[in-house]
Amino acid sequence: MNSAATATIPSATILGENSIGVEAIFQLLSREFQQSTKASKQNCHDIARRITTEVYRICSESKRIQASGTVESSALTLARHRLQQCLRYYQLGSNRGRVELHSTLSAIIYRYINPPQKQLSYQGRLTIIEDFLQSFYLEALNAFRRENQLGATYRPQTLLELSEYMAFTERYGKRRIPLPGRQQQLIILRAQTFSQQQPPETSVDIEQAAEGSNSEADGWEEPAIQQLRSTMASQTESEPEEDTLRSVVITELMNYLEQRQQSDCADYFSLRLQDLSAQEIESVLSLTPRQRDYLQQRFKYHLIRFALLHRWELVHEWLEASLHTNLGLTPQQWQVYTAQLDNKHRSLLELKQQGQSDEKIAKTLGLSMAQLQKRWFKILEQAWEIRNSLVSGSSASTHE
């Protein structure tokens, strides 16, 4: 057996010389993974090692199993259960597996998502469930890294690793937490806490998820941010969860932050998706108010860059403000908007609407790619401001 694959597996048997050894369980799991999946041999070994180590730890620490006198059969049963659960997600595949996990966890917590002083519609409750699960998946990933002694940057790369993580996430959510006189599943406790933290006057949306505390005090008045926040909670019931552009935008934004080595911004956004207050975020991330404010401003900078430059087409499609619909402006707004543009900005907009590539547009207008991107950013920003002046009701009384 590969020495690296067994480095962390105890060499002793789980119970005495006649019981099933840890190495035997490892060999069983590794062989089954190789026969049932297309994963590499090393990948199968790594996952078999992690499952074997977990089984050994559970059987060693469980007083119930130790006292039962059937440690051998318990270890084998537990290992086979882990194997079958992982293979089930593998056979479902990436997309169907995610939907299955999401549906399983949603069904568990549905009746516990009940914010105080609210009568939520079916869709309103699903919106809060989705916001909650986004943060729970990150919590489960961190727990998976911790319990398997993996690095802080570990992420599933192969289908088998993703299946292992999804199986772990389901088990993690179903863990029984002892309470006075009863036990409760961990995900239910998390959902109840999350639900109780929701403000009584509004449902969870990106307005709470994106900013630290009071938007007026923290400088979150940019029209682009206001519309981005308000739209993220406005998906219709007809859209299946896995196909909603909202989910895609959140995933893409998280990837954007990770690719730019802004993991602290991604952590901040994840916590805001839980609607935690500024003080709670400071406590979780071990930040001072000054550090949290700096992190918030940095996140805001990247959010604007993401929405108006990096993935502007995705965001505008989601906001129903694409080039085909004149950036979401009414005919009157469009007339005012285009009149404000100088000749080069107007030409750039027209060429974009014609579907020409950035390279061709830059050559036509005599611009570098950096200059073109800067001008396009300003064009989109001006459209956001005009569009949002109606959405946000900027002329209304601040007391309304």
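This is a dialogue about how to read pockets, nonpolar cores and ring pairs in a predicted model.

Visitor: How should I begin to read empty space in a structure, and what volume does the largest pocket have?

Guide: Rolling a probe the size of a water molecule over the atoms shows where empty space is left. In this predicted model, the largest pocket has a volume of about 1200 Å³. Its lining is made up of 35 residues, and those closest to the centre of the pocket are Arg98, Gln134, Tyr137, Arg155 and Thr251.

Visitor: Which elements give two or more residues to the lining of the largest pocket?

Guide: They are helix 4 (71-109), helix 5 (122-147), helix 6 (159-174), helix 11 (245-259) and helix 12 (263-272). Helix 11 gives the most, with 7 residues in the lining.

Visitor: How many residues of each class does the lining of the largest pocket have?

Guide: The lining of the largest pocket has 16 nonpolar residues, together with 12 polar and 7 charged ones.

Visitor: Let us turn to the interior. Which residues touch the most other members of the largest nonpolar core?

Guide: In soluble globular proteins, nonpolar side chains tend to be buried together. Here the largest nonpolar core has 30 residues, and the members that touch the most others are Leu105, Ile109, Phe132, Leu133, Phe136 and Ile187. Helix 4, helix 5, helix 6 and helix 7 (186-196) each supply at least two residues of this core, and the largest share, 10 residues, comes from helix 5. Taking leucine 133 as a case, and not counting residues up to four places away in sequence, this residue touches His102, Leu105, Ser106, Ile109 and Ile187. There is also a second, separate core of 24 residues, with Leu329, Leu341, Leu349 and Leu351 among them.

Visitor: What does leucine 186 touch, not counting residues up to four places away in sequence?

Guide: Leucine 186, which lies in helix 7, touches Phe136, Glu139, Tyr172, Gly173, Arg175 and Ile177 on that count. Its relative accessible area is 7%, so leucine 186 is buried, the cut-off being under 20%. From leucine 186 to glycine 173 the distance is 5.4 Å, C-alpha to C-alpha, although the two are 13 residues apart in sequence.

Visitor: Is glutamine 85 buried or exposed?

Guide: Glutamine 85, whose place is in helix 4, counts as buried because its relative accessibility is 8%. Leaving aside its neighbours within four places in sequence, glutamine 85 is in contact with Ala167, Glu170 and Arg171.

Visitor: How many aromatic pairs does the structure hold, and how would I read one of them?

Guide: The structure holds 9 aromatic pairs. One of them joins tyrosine 268 and phenylalanine 299, which lie 5.5 Å apart, centre to centre, with 55° between the planes, and this pair is tilted. This pair links distant parts of the chain, since tyrosine 268 is in helix 12 and phenylalanine 299 in helix 14 (residues 289-310), 31 residues apart. Both tyrosine 268 and phenylalanine 299 are buried.

Visitor: Why is the pair of phenylalanine 269 and phenylalanine 299 stacked?

Guide: The planes of phenylalanine 269 and phenylalanine 299 stand at 20°, with the ring centres 5.4 Å apart, so this pair counts as stacked, for which the planes must be under 30 degrees apart. The two residues are 30 residues apart, phenylalanine 269 in helix 12 and phenylalanine 299 in helix 14. Phenylalanine 269 counts as buried because its relative accessibility is 1%, and phenylalanine 299 is buried with a relative accessible area of 0%.

Visitor: Which residues do ring pairs link into a cluster?

Guide: The cluster linked by ring pairs holds Phe132, Phe136, Phe144, Tyr154, Phe168, Tyr172 and Phe194. Among them, Phe132 and Phe136 also appear in the largest nonpolar core.

How values were computed:
Residues numbered from 1 in each chain as written. Predicted model: local features only at pLDDT ≥ 70, side-chain atom pairs only at ≥ 80, totals over all residues. Heavy atoms only, no water. 1 Å grid on protein atoms, 1.4 Å probe; cavity = no way out; pocket = protein on both sides within 12 Å on 5 of 7 lines; lining within 4 Å. Points joined across faces, edges and corners; volume = space filled by probe spheres on them. Helix = DSSP H or I, 4+ residues; strand = E, 2+ residues; numbered from the N terminus. Nonpolar A, V, L, I, M, F, W, Y, C, P; charged D, E, K, R; others polar. Core = buried A, V, L, I, M, F, W, Y, C linked by side-chain atoms within 4.5 Å. Buried < 20%, exposed > 50% of the residue type's maximum accessible area, 1.4 Å probe, protein only. Contact = heavy atoms within 4.5 Å. Phe/Tyr/Trp six-rings, centres within 6.5 Å; stacked < 30°, edge-to-face > 60°.
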